[in-house]
Amino acid sequence: MTLSEKVIYQIYPKSFLDTTGNGIGDLRGVTEKLPYLAELGIDMIWLNPFYPSPQKDNGYDISDYMNIDPVFGDFEDFDQMIARGKELGIEFMLDMVLNHVSTEHEWFKKALAGDKYYQDFFILRDQPTDWRSKFGGSAWAPFGDTGKYYLHLYDVTQADLNWRNKNVRQELFKVVNFWRSKGISGFRFDVINVIGKDKILKNNPEFEGKFEYTDKPITHEYLQMLNRETFGQDENAITVGEMSSTTIENSILYTQPERKELSMVFNFHHLKTDYKDGNKWTKAPFDFQKLKHLFHEWGEKMGQGGGWNANFWNNHDQPRALNRFVDVKNFRVKGATMLAASIHLSRGTPFIYMGEEIGMIDPDYDSIADYKDVEARNAYEMLIKQGKSEEEAFDIVSIKSRDNSRTPMQWDNSTNAGFTRGEPWLKVGKHTDINVKKDKDGEIYKFYKKMIDLRKSEKIISEGSYKPALEDAEHIYAFVREYGEQRLLVLNNFANHSVNFKIPQGFEKAEVFVNNYGSYESETLAPYQSVALLAK
Ligand code: NOJ
């Protein structure tokens, strides 16, 4: 099976299924639910970090790359999970966090203790620049009592690694090869387009430092080295790079197969269309025209440039898409299937985030104390400092927090939604009426299953080209896929009311190929209706 026919499912292990009662999901929990995922039809599972970590950023602060945190299990559990996956035709993709390590990592501890060899593993300066951390505040912190500062683009406990140092690169290649030796050939590389910092670090007041380290030409060189020294040696390797504030031009370069960098990339531009003036910590409706334009631009240009997208609506860093892009109160089910069609029928590899297949939504917590994420807590404080009232700050954090998607997976309607028999590390959401027991084989689940099946059986979906359609439509996101003689027009209504449109030429007699409603009336789409019309 080629990459273009595969669908990847993301599991946040901490919140998936707890088999021990400690309130934290574990690898055995993943193994237990593999048959459920095999039935859904997915090919690969991306697992967020489960390595030893102080958990300041939920495992993205790694203190030991080649180990498993006992709260998640051990290597026996890991091997069993891989073996069971193999039996069911499911592979695994591991999260490689190679931009930074926890300040609890031995490299950082040795550096701090004065070891020069390890000091060169980090980015140390006598004078900090004016760069901002992505989690708020300065991106620099005092390096012990040395009078120097170390760079941390994320939390103060996540120290950026110095990729310019060959020894660092070699150590990181060893990490990837270690997991390859455990039978893994799928890798998701965390914020990989920020590893190549400029040699001379300059102040950059306008963009908080962003362009001194994002998408630098040297990063392409590092990726080619990483590819050559590690996963590039596996014929079937599948890799995805998480790209922070990237461009289409760079994403093409990252993914053109002949350049031997990565298989595909995640970009986040479409998930910023509900940021007011580019600021996440605001409350604003999403801008549909912007969203549509971005999808069209990326879909078309990535195709023309021979690049490959990873398409997604949800992940562990995003509130649930149903709460953001759909009138969730009135049209949760149709909205969910429409969102699914809009990316599963497009060009690129679709990713499904756990719970999306049953239409899970944000938890609607009542108190700020329910939010655990470092980013949300920093943002709440920042909003209060800016003069917002507690209610206003809560209002914003509750719609923007990453915890919205990190809530425990809802398996049934019992206590803690069947996630744990203990105290969950993060409170279960309010809407446990949405759960696997009730919704497996429901409308949303069945539609996802169908989308996954179609990608495997229809070359036009896996391989077809992408062209924008109905570009001026007020509420419809439409595109045409082409493969040989076939043409598929995909129409997605993003409005909570019916809309009319003029059928593009050549599709007047096309057959209805996909429909998330029972019927389709020519040139009309019902609220959140998705229709794909096939012309031969
Ligand atoms: C992106 C990860 O998805 C996110 O959860 C994490 O906080 C940052 N990278 C830093 O590692």
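Visitor: What makes His100 and the ligand a polar contact?
Guide: An N or O atom in the side chain of His100 is 2.9 Å from an oxygen atom of the ligand. A polar contact is a pair of N or O atoms within 3.5 Å, so the His100 pair qualifies. This is a predicted model: local features need pLDDT of at least 70, side-chain atom pairs count only at pLDDT 80 or more, and totals for chains, interfaces and linings use all residues. Residues are numbered from 1 along each chain as its sequence is written, and side-chain values use heavy atoms, leaving out hydrogens and water.

Visitor: How do you know that Asp190 makes a polar contact with the ligand?
Guide: A side-chain N or O atom of Asp190 is 2.7 Å from a ligand oxygen atom. For Asp57, a polar side-chain atom lies 2.5 Å from an oxygen atom of the ligand.

Visitor: Why is helix 6 called oblique to helix 7?
Guide: Helix 6 (residues 166-181) and helix 7 (residues 217-229) pack at about 40 degrees, axes 10 Å apart. Under 35 degrees is roughly parallel, over 145 roughly antiparallel, 65 to 115 roughly perpendicular, the rest oblique. That makes helix 6 oblique to helix 7. Helices are DSSP runs (H or I, at least four residues). Angles run from 0 to 180 degrees between N-to-C directions, with axes fitted to C-alpha atoms over the stretch in contact.

Visitor: What is helix 11 relative to helix 16, roughly parallel or oblique?
Guide: The axes of helix 11 (residues 328-344) and helix 16 (residues 443-457) cross at roughly 10 degrees and come within 9 Å. That makes helix 11 roughly parallel to helix 16.

Notes: Helices (H or I, at least four residues) and strands (E, at least two) are DSSP runs, numbered from the N terminus. A polar contact is a pair of N or O atoms within 3.5 Å; within protein, one must be able to donate a hydrogen and the other to accept it, and residues adjacent in sequence count only if both atoms are side-chain atoms.
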